[in-house]
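Reader: I'd like to go through the spaces inside this protein with you and ask how each label was earned. Could you show me the structure?

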Amino acid sequence: MNRLQGKVALVTGGNTGIGRAVALAYAVEGADVAIAWVDREPEAHSLVAEIGKLGRKARAIRCDVTSESEVVACMNEVVAGLGRIDVLVSNAGIQRPRPITEMTVGDWDRMMAVHLRGAFLTAREAARHMIPNKRGWMIFTCSQLGYIGRERYTAYSAAKAGVIVFMRSLAKELAPHGILVNGVSPGLVDTGFDPLSAEVKQAHAASLPMKRLGTPEDMVSGYVFLASEEARYYCGQLLHPNGGEIMP
Ligand code: NDP
């Protein structure tokens, strides 16, 4: 408890799934939390209410992370409403598995835009607010598919590989400013993000050393740790909550 006392965090893709669990955990640990979402508005507002019940301030901001003007406005709203921004969790993502022969240029470009342009824009704007404060924490949601790839997930895997190297480059650039940049690389988490059948999920779970899929709650300890003072010597590192599927 209170490992993030007094910090202000922005979690993109914070209304559902992993981002929602992280936003709630941050509030439990004493942070005020803004979440950015794009489509599912009721989930965003219900989370603000839940965080309010924990005694923390919260904001839900509609922000498409691929839009420069929306990301700039979102950061300004966080600073105006919550005072500053200490922690960015760049977590927004989409999943559209396709055979390569059926993937359109639009599919490819959207995947790159949400994951890579979104990571770039949110990091740039957060850095502009964090650098004058000489402190900050950025955590990027990566994926083990960014290491190993998977058939039909070519665009997603390439985008996540890009996010991993972006995160590491940024870690080197921002560490001298007192900003720690790291990532979390989940295995398959049962959020509904990936449109897999129950049979495929069961088979995947059975193939894992831990014999079960991850839950959003399984992910949060890494995000809390990387935003806390305990992670003070972590720079450009990835945590791998994946049930043992890969051990990079
Ligand atoms: P969810 O579908 O629950 O979360 C995705 C989130 O991204 C939603 O909040 C969604 O908002 C938001 N989002 C999508 N597009 C945009 C956009 N253009 N601008 C702003 N927000 C956007 O899935 P997960 O929680 O599972 O996924 C969260 C992250 O975890 C993603 O980056 C994903 O790649 C990564 N990940 C997930 C794994 C899994 O197995 N689930 C495994 C490894 C990584 P809205 O609801 O409003 O549309």
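Author: Happy to. Let's begin with a helix: α4 gives the most to the lining of the largest cavity, with four residues. Please keep in mind that this is a predicted model.

Reader: What makes a space a cavity here?

Author: A cavity is a set of points where a 1.4 Å probe fits but cannot get out. Searching the whole structure with a floor of 30 Å³ turns up two of them. The largest holds about 70 Å³ of space.

Reader: Which residues line that largest cavity?

Author: The lining comprises 13 residues, and S90, N91, A92, H115 and A119 are nearest to the centre. Besides α4, the elements that give two or more residues to this lining are β5 (136–141) and α6.

Reader: How do the lining residues of the largest cavity divide by type?

Author: Six are nonpolar, six polar and one charged.

Reader: And what is the volume of the second largest cavity, and which residues line it?

Author: Its volume is about 30 Å³. R96, R98, M103, D107, M111 and A155 form the lining. Asp and Arg count as charged, whereas Met and Ala count as nonpolar, so this lining splits into three charged, three nonpolar and no polar residues.

Reader: Now the ligand. Which space does it take?

Author: The ligand's space is the largest pocket. A pocket, unlike a cavity, is an open set of points.

Reader: What makes a residue part of the surroundings of the ligand?

Author: One of its heavy atoms must lie within 4 Å. For this ligand there are 30 such residues, with N15, D39, R40, Y156 and T191 the closest. By type, 14 are nonpolar, eleven polar and five charged.

Reader: Which helices contribute to that shell?

Author: At least two residues each come from α1 (17–28), α4 (105–130) and α6 (154–174). Once more α4 gives the most, here with three residues.

Reader: Why is the pair between N15 and the ligand called a polar contact?

Author: The cut-off is 3.5 Å between N or O atoms. An N or O atom in the N15 side chain is 2.4 Å from an oxygen atom of the ligand, so the pair qualifies. A polar side-chain atom of Y156 passes too, at 2.7 Å from a ligand oxygen. For G93 a polar backbone atom is involved, 3.2 Å from an oxygen atom of the ligand.

Reader: How much of the ligand does the protein bury?

Author: Alone, the ligand exposes 890 Å², and the protein buries 95% of that area.

Terms used
Residues are numbered from 1 along each chain as its sequence is written. This is a predicted model: local features need pLDDT of at least 70, side-chain atom pairs count only at pLDDT 80 or more; totals for chains, interfaces and linings use all residues. Side-chain values use heavy atoms; hydrogens and water are left out. A polar contact is a pair of N or O atoms within 3.5 Å; within protein, one must be able to donate a hydrogen and the other to accept it, and residues adjacent in sequence count only if both atoms are side-chain atoms. Accessible areas come from the Shrake-Rupley method with a 1.4 Å probe; for residues, only the protein chains shown count as cover. On a 1 Å grid over the protein atoms alone, a cavity is a set of points where a 1.4 Å probe fits but cannot get out, and a pocket is an open set with protein on both sides within 12 Å along at least five of seven lines; lining residues have an atom within 4 Å of a point. A molecule sits in a cavity or pocket if more than half of its atoms lie within 2 Å of its grid points. Grid points are joined across faces, edges and corners, and a volume is the space filled by probe spheres set on the points.
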